[in-house]
Amino acid sequence: MNEERVCLDCGTVLHGRADKKFCNDLCRNNYNNQLNSNSYNLVRNINNILKRNRRILEELNPSGKTKTTRKKLVAKGFDFEYHTRSYQTQNGKTYHFCYEYGYLPLDSDEFLLVKREE
């Protein structure tokens, strides 16, 4: 009836409170970090891609509005699959934004880079 309780992280025998799950704070933190690491890794990786995309757009667009090529964007590591929002104009053109920096695909692998002013 009286089962021996063990730490969920390291497996050592627990003494003390009946609802105790970990032997110390280190084990508790380690257990919870491992439990949440997969979801945190996904979010962290996506945020890193978005920040890199923003940094590239900022670097290639110092004046607030300029043109560039797909080749230049890809060479710097830009990932076209990730952006924070899309904006469609009344004439049907779609701008893709990474935070306040955006791009509009033009003809022949060119892009118009813009900075949204608020």
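Which residue forms a salt bridge with Arg28, and how far apart are the closest N and O atoms? In this predicted model, local features need pLDDT of at least 70 and side-chain atom pairs count only at pLDDT 80 or more, whereas totals for chains, interfaces and linings use all residues. Residues are numbered from 1 along each chain as its sequence is written, and side-chain values use heavy atoms, with hydrogens and water left out.

The partner of Arg28 is Asp25, and the closest N and O atoms of this salt bridge are 3.1 Å apart. A salt bridge is defined here as a side-chain nitrogen of Lys or Arg within 4 Å of a carboxyl oxygen of Asp or Glu. Both Arg28 and Asp25 belong to helix H1, where they are 3 residues apart, about one turn of the helix. Helices (H or I, at least four residues) and strands (E, at least two) are DSSP runs, numbered from the N terminus. Arg28 counts as partly exposed, because its relative accessibility is 34%; buried means under 20% relative accessible area, exposed over 50%, and partly exposed in between (1.4 Å probe, protein chains only).

The strands are arranged in an open sheet of 5, in the order E1-E5-E4-E3-E2, with antiparallel pairing. At its edges are E1 (65–69) and E2, each of which pairs on one side only. From one strand to the next, the twist averages 30 degrees. Axes are lines fitted to C-alpha atoms, for helices over the stretch in contact, and angles run from 0 to 180 degrees between N-to-C directions. Strands of a sheet pair through backbone hydrogen bonds, either parallel or antiparallel; two strands are taken to pair if DSSP finds at least two bridges between them.

At one edge, E1 runs antiparallel to strand E5 (residues 110–115), to which 5 bridges join it. Thr69 has Glu110 in E5 as its bridge partner. At the other edge, strand E2 (residues 85–88) pairs with strand E3 (residues 94–98) in the antiparallel sense over 4 bridges. Within this pair, Ser86 stands opposite His96 in E3. E2 and E3 form a hairpin with 5 residues between them, and Gly92 in the turn has a positive phi of about 95 degrees.

Strand E4 (residues 101–105) contains Pro105, which is partly exposed, with a relative accessible area of 41%. Not counting residues up to four places away in sequence, Pro105 touches Thr94, Glu110 and Phe111, where contact means heavy atoms within 4.5 Å. By contrast, 46 Å separates the C-alpha atoms of Pro105 and Asn29, which are 76 residues apart along the chain.

The loop between E4 and E5 holds Ser108 and Asp109. Although Ser108 is not a glycine, its phi is positive, at about 55 degrees. Asp109, likewise a residue other than glycine, has a positive phi near 60 degrees. Ser108 counts as exposed at 64% relative accessibility, while Asp109 counts as partly exposed at 48%.

Helix H1 lies across E1, E3, E4 and E5 and runs at about 80 degrees to E4. Asn53 is located in this helix, which spans residues 25–60. With a relative accessible area of 0%, Asn53 is buried. Its contacts, leaving aside neighbours within four places in sequence, are Gly77, Phe78, Asp79, Tyr82 and Cys98.

The count of salt bridges comes to 6. One of these is formed by Glu100 and Arg54, whose closest N and O atoms are 2.6 Å apart. Glu100 lies in the loop between E3 and E4 and Arg54 in helix H1, so this pair ties together parts that are 46 residues apart in sequence. Arg54 is partly exposed, with a relative accessible area of 24%. A further salt bridge is found where the side chains of Lys76 and Glu59 meet (2.6 Å, N to O). This pair links distant parts of the chain, 17 residues apart: Lys76 is in the loop between helix H2 (70–75) and E2, and Glu59 is in helix H1. Lys76 is partly exposed, with a relative accessible area of 37%, and Glu59 is partly exposed, with a value of 46%. Arg54, Glu58 and Glu100 are joined into one network by salt bridges that share partners.
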